[in-house]
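Trainee: I am new to this structure and would be grateful for a close look at one part of it. Please describe the salt bridges: how many are there, and where do they lie?

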Amino acid sequence: PQAPIFDLGVGLRDPTSTYELVDAYGEQGRRFYFYVSAWDFCPYMLGYVITGSLLGALACQKGGMPRHSPVWHYLPLSSLVPWSFDLLENFSYTTMILAHPTKLV
């Protein structure tokens with residue numbers, strides 16, 4: 001049977017089941033996941049943050065929002081919120097994979 005992917009799991013996992021999942025990946029699977037996370041950390045994350053910010057600014061401009069409105073300041077920054085949580089999630093998974101077989105929790 002194939003091990004499910006961390007990011008596509010539904011709900012919160014307890015540490016035991018998460019470490020069982022890391023074990024199920026095997027050495028090659030953990031290495032592959034590390035490289036995929038490196039891609040997710042760098043170009044992909046930056047790309048969707050910049051795109052989200054530009055789309056927010058474009059929506060303000062096309063919607064006729066006055067320049068002095070606080071929405072102009074905060075809507076383009078709103079893409080930083082999911083980015084920060086995604087960064088934290090991927091960092092924790094990568095840390096577990098790199099520390100394997102040591103259990104951090």
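Mentor: The structure holds two salt bridges, a salt bridge being a side-chain nitrogen of Lys or Arg within 4 Å of a carboxyl oxygen of Asp or Glu. The model is a predicted one, in which local features need pLDDT of at least 70 and side-chain atom pairs count only at pLDDT 80 or more, whereas totals for chains, interfaces and linings use all residues. Residues are numbered from 1 along each chain as its sequence is written, and side-chain values use heavy atoms, with hydrogens and water left out.

In one salt bridge, the side chain of Glu 27 meets that of Arg 30 at 3.3 Å, N to O. Both residues belong to helix α1, where they stand three residues apart, about one turn of the helix. Helices here are DSSP runs of H or I with at least four residues, strands are runs of E with at least two, and both are numbered from the N terminus. Glu 27 also meets the side chain of Arg 31 in a salt bridge, at 3.9 Å, N to O. This pair too lies in helix α1, four residues apart, again about one turn of the helix. Glu 27, Arg 30 and Arg 31 are thus linked in a network of salt bridges.

The two arginines can also be described by their accessibility. Arg 30 is buried, with a relative accessible area of 9%, while Arg 31 is partly exposed, at 44%. Buried means under 20% relative accessible area, exposed means over 50%, and partly exposed lies in between, for a 1.4 Å probe and protein chains only.

The helix that carries this network also contributes to the nonpolar core. The largest nonpolar core has eight residues: Tyr 19, Leu 21, Val 22, Tyr 25, Tyr 33, Tyr 93, Met 96 and Ile 97. Such a core is a set of buried Ala, Val, Leu, Ile, Met, Phe, Trp, Tyr and Cys residues joined through side-chain atoms within 4.5 Å. Two or more residues of this core come from each of α1 (15-62) and α3 (80-99), and α1 provides the largest share, five residues.

As for the wider setting, the protein has three helices and zero strands, in the pattern α-α-α along the sequence. Of its 105 residues, 25% are buried.
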